[in-house]
Every structure is written in structure tokens, then in C-alpha cells.
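Reader: Hey, I've just opened this one and don't know my way around yet. Could you walk me through it?

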Amino acid sequence: MTNVDWIAAEEFFLEAAQRTYAADVPEVKNPNVSGERGYRYERGELSYLDRYTVGTNGWSFGQTIIWQEDQPIWWMHYHGRARMPAVTGFLKDALMAAYV
């Protein structure tokens, strides 16, 4: 069993989120799942994967997972919809400010 340093894991999550989705870097497409996109980030023994799919109706759903030494230690699932395109830019700006 891996001993988890939760403070380091939280700091890693904030760093990974700031350097991926909030930073507007190119997404990685999953060739095995139609429409799935995401972001991967790694530092030392920690890995971050945020993957999601957007449906034709504008609803999106996804999950974020953090691994330590190839063991999942934290995850979340999410879903929602932005009805106005400006919301996505606002969300990324807000996340970038929050993750600093």
C-alpha cells in the first residue's frame, strides 16, 4: 500500500490543473474512445489524467484521476453544460487564478 502525502497530492493537483485545462494547452485525444479528449501531466511519482467527452447537446462529462506510483489515490467525476461560449473562457480564467 502506498503512503499518501495528501498535502503534496493537493499541490500536485493544483499544479497539474493550472498547466493543462486552465492553461489552454492542446488536448490529447483517446483513439480508443470516440470523442474523448483530455490532459495528462506527470511529475515524479505522481500522474494526473483529466479526460472528458462533450455530447452533441453540449453536455459534457468526465473524470480526473491522480496516481501515485501507479496506484490511484484520488478521483472525481463531473458533468455539466455551458450555454454561452464566453463561459468557457471565464471558467479557464477563474481556474487559473484559483490554482496560483
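**A first look**

Author: Sure. Buried residues make up 31% of the 100 residues in this protein; buried means under 20% relative accessible area, exposed over 50% and partly exposed in between, with a 1.4 Å probe and protein chains only. This is a predicted model, where local features need pLDDT of at least 70, side-chain atom pairs count only at pLDDT 80 or more, and totals for chains, interfaces and linings use all residues. Residues are numbered from 1 along each chain as its sequence is written, and side-chain values use heavy atoms, with hydrogens and water left out.

Reader: What's the average pLDDT of the protein?

Author: The average is 87, and 97% of the residues score at least 70. pLDDT is the predictor's confidence in each residue, from 0 to 100. Among the elements, strand β4 (residues 60-68) has the highest mean at 95, and helix α2 (residues 85-98) the lowest at 75.

Reader: Ok, how many helices and strands are there?

Author: There are 2 helices and 5 strands, running α-β-β-β-β-β-α from the N terminus. They are DSSP runs numbered from the N terminus: helices are H or I with at least four residues, strands are E with at least two.

Reader: Which residues of α1 are buried?

Author: A9, F12, F13, E15, A16 and A17. The buried residues of α1 pack against β2, β3, β4 and β5 (71-80), where contact means heavy atoms within 4.5 Å.

Reader: And what's going on at the start of α1?

Author: There, a side-chain oxygen of D5 reaches to within 3.2 Å of the backbone nitrogen of I7.

Reader: Switching topic: how many aromatic pairs does the structure hold?

Author: It holds 4. Rings of Phe, Tyr and Trp (its six-membered ring) pair if their centres lie within 6.5 Å; planes under 30 degrees apart count as stacked, over 60 as edge-to-face and the rest as tilted. One of the pairs is F13 and Y48, which is tilted, at 6.3 Å centre to centre and 55° between the planes. That pair links distant parts of the chain: F13 sits in helix α1 (residues 6-19) and Y48 in strand β3 (residues 46-54), 35 residues apart.

Reader: Are F13 and Y48 buried or exposed?

Author: Both F13 and Y48 are buried. Another pair is Y21 with Y39, edge-to-face at 6.2 Å centre to centre and 75° between the planes. Y21 lies in the loop between α1 and β1 (28-29), Y39 in strand β2 (residues 37-43), 18 residues apart.

Reader: Which residues do ring pairs link into a cluster?

Author: F13, Y48 and W74.

Key. Polar contact = N/O pair within 3.5 Å; in protein donor to acceptor, adjacent residues only side chain to side chain.
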